[in-house]
Amino acid sequence: MNENSVPDAARTVLTGDDIERVLTRVAFEIIEANKGTDDLVLLGIPSRGFPLAQRLAARIAATAPGNLDPASLVGQLDITMYRDDLRHSTTRTPSPTRLPAGGIEGKVVVLVDDVLYSGRTIRAALDALADWGRPRIMRLAVLVDRGHRELPIRADHVGKNLPTAKSEKVRVHLAEIDGKNEVVIEGAA
């Protein structure tokens, strides 16, 4: 891009209302796949996977019989030191890994992230998870799957499949971090 060119406008592909509908559907898919909420743990990958996991946990808890505390379902899994691009990328600040009180051993763990792209973030998450215990089942839930996989990784629960060009950027904005809820595509198609 030269100094006289105008950057491509961002195109909104999910509004805040769209995100809420998608998360409700994904929450019901998770409950159905697990046949309820027993032994279920949602682990969000920082930074935006964690608030998404919290939102999913709230929806799942609201459908469960009795008084299920959403906080008992959700945790955060830091993958910083497991990434294969550490020496090539900017400095990353590790986030704390926080597991629910019952841990993950023998549980059904659903990794939650905002965008599935190359698959490398999820590979790092699988490596990190192995250091914390051995889940009975591991699944993956993502808000957006944009394709272009470099590793044989597939999401079990997808909010929106979003075909993109490699030159495009998918940006997820969440109120907890960015003050607004939307998914936009930036860059030339």
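## Asparagine 67 and threonine 80

Asparagine 67 has a relative accessibility of 83%, over the 50% cut-off, and therefore counts as exposed. In this predicted model, asparagine 67 sits in the loop that joins α2 to β3 (74–76). Its C-alpha is 21 Å from that of arginine 25, with the two positions 42 residues apart in sequence numbering.

Threonine 80 also belongs to a loop, the one between β3 and β4. Its relative accessibility is 8%, which means that threonine 80 counts as buried, the limit being under 20%. Threonine 80 and alanine 124 are 44 residues apart in sequence, and their C-alpha atoms are 8.1 Å apart.

## Packing of α1 and α2

Two packed helices are described by the angle between their axes and the distance between those axes. For helix α1 (residues 16–34) and helix α2 (residues 49–63), the angle is about 60° and the axes are 9 Å apart. The pair is therefore oblique, and the crossing is right-handed.

On the α1 side, the contacts are made by Ile19, Glu20, Leu23, Thr24, Val26, Ala27, Phe28, Ile30 and Ile31. Their partners in α2 are Leu52, Arg55, Leu56, Arg59, Ile60 and Thr63.

## Aspartate 114 in β4

Aspartate 114 is part of strand β4 (residues 108–116). This residue is buried and has no salt bridge. The nearest side chain of opposite charge belongs to arginine 48, at 5.0 Å; a salt bridge would need a distance within 4 Å, so this pair does not qualify.

Leaving aside residues up to four places away in sequence, aspartate 114 touches Arg48, Gly49, Leu52, Val142, Leu143, Val144 and Val172. Leu52 is also among the α2 residues that meet α1.

## Backbone exceptions

Most residues other than glycine have a negative phi, and most peptide bonds are trans. The bond from proline 46 to serine 47 is cis, with omega near 10°. Serine 47 lies in the loop between β2 (40–44) and α2.

Aspartate 39 has a positive phi, near 60°, and is not a glycine. It is located in the loop between α1 and β2. With a relative accessible area of 38%, aspartate 39 is partly exposed. Histidine 148 likewise has a positive phi, about 70°, and is placed in the loop between β5 (137–145) and β6 (157–161). Histidine 148 has 26% relative accessibility and so counts as partly exposed.

Conventions
Residues are numbered from 1 along each chain as its sequence is written. This is a predicted model: local features need pLDDT of at least 70, side-chain atom pairs count only at pLDDT 80 or more; totals for chains, interfaces and linings use all residues. Side-chain values use heavy atoms; hydrogens and water are left out. Helices (H or I, at least four residues) and strands (E, at least two) are DSSP runs, numbered from the N terminus. Buried means under 20% relative accessible area, exposed over 50%, partly exposed in between (1.4 Å probe, protein chains only). Lys and Arg count as positive and Asp and Glu as negative; His and the chain ends are not counted. Contact means heavy atoms within 4.5 Å. Axes are lines fitted to C-alpha atoms, for helices over the stretch in contact, and angles run from 0 to 180 degrees between N-to-C directions. Angles under 35 degrees count as roughly parallel, over 145 as roughly antiparallel, 65 to 115 as roughly perpendicular and the rest as oblique. A crossing is left-handed if the near helix is turned anticlockwise from the far one by less than a right angle, and right-handed if clockwise.
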